[in-house]
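Trainee: I have a new structure open and would like to learn how to read the way helices pack. Could you walk me through it?

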Amino acid sequence: MTGTCTKLDFRVLNDILEKYEYKKSYLIAMLQKVQEVYKYLPEEAMTYIGEKVEGLSPATVYGVATFYAQFSLEPKGKYEIKVCDGTACHVRGSMPVLNAIRNKLNLKEGKITSDNGLFSLEIVSCLGACGLAPVVVINDKVYPQMTSDAVSIILDTLIKEEA
Ligand code: FES
């Protein structure tokens with residue numbers, strides 16, 4: 001399983017709320033802090049903020065969190081996979097690579113974390129390495145000129161290592 005911290009510590013949340021004086025105008029900053037701590041936004045944290053801050057509701061907090069791409073509503077995996085779909089990578093075949101990853105990890109459209117919590121998937125735009133397109137990054141390691149076969153082998157290797 002992952003080392004992601006998923007058990008909610010309400011003291012941490014209270015500290016964050018206090019830091020931002022329970023003001024709804026600081027909602028984005030509060031959510032950023034929560035994400036910094038947990039690496040994603042746990043539902044209970046959004047509900048808690050929605051209940052504690054005057055003028056907000058859990059639904060409002062959830063609505064704001066889903067609007068901004070910077071917020072993740074699912075925990076990240078031990079291996080964070082980023083597939084570049086900037087223009088250069090797209091033209092050189094990032095989509096077959098992405099589909100191979102989704103198939104291998106059983107990630108249907110919209111699902112970003114594998115059931116075992118090991119892998120999470122994110123599509124990003126240009127990573128600044130267009131000469132190496134299509135590019136995949138797993139944690140901090142850059143994999144250049146990816147193909148669906150190559151990425152499958154890399155994932156198989158990681159899966160085997162974790163077994
Ligand atoms: S478009 Fe993928 S690295 Fe630039």
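Trainee: Which hand does the crossing of α3 and α4 have?

Mentor: In this predicted model, α3 and α4 make a right-handed crossing.

Trainee: And how should I describe a packed pair in general?

Mentor: Two numbers do the job: the angle between the two axes and the distance separating them. Here α3 and α4 pack at about 125°, and their axes are 7 Å apart. Angles over 145 would count as roughly antiparallel and 65 to 115 as roughly perpendicular, so α3 and α4 are oblique to each other.

Trainee: Which residues of α3 and α4 meet?

Mentor: From α3 come Met46, Thr47, Ile49, Gly50 and Glu51, and they meet Pro58, Thr60, Val61, Tyr62 and Ala65 of α4. Sorted by class, this contact has six nonpolar, three polar and one charged residues.

Trainee: What about the loop between α3 and α4? Is Gly55 buried or exposed?

Mentor: Gly55 sits in that loop, between α3 (43–52) and α4 (58–67). A residue counts as exposed if 12 or fewer other C-beta atoms lie within 10 Å of its own; Gly55 has 10, so Gly55 is exposed. Gly55 also lies 21 Å from Val12, C-alpha to C-alpha, with their positions 43 residues apart in sequence.

Trainee: How many helices and strands does the protein have?

Mentor: There are seven helices and four strands, and along the sequence they run α-α-α-α-β-α-α-β-β-β-α. The C-alpha trace spans about 50 × 35 × 25 Å along its principal axes, and 26% of the 163 residues count as buried.

Conventions. Residues numbered from 1 in each chain as written. Predicted model: local features only at pLDDT ≥ 70, side-chain atom pairs only at ≥ 80, totals over all residues. Helix = DSSP H or I, 4+ residues; strand = E, 2+ residues; numbered from the N terminus. Buried ≥ 20, exposed ≤ 12 C-beta atoms within 10 Å, placed from the backbone. Axes fitted to C-alpha atoms, helices over the stretch in contact; angles between N-to-C directions. Parallel < 35°, antiparallel > 145°, perpendicular 65-115°, else oblique. Left-handed = near helix turned anticlockwise from the far one by under 90°. Contact = placed C-beta atoms within 7 Å. Nonpolar A, V, L, I, M, F, W, Y, C, P; charged D, E, K, R; others polar.
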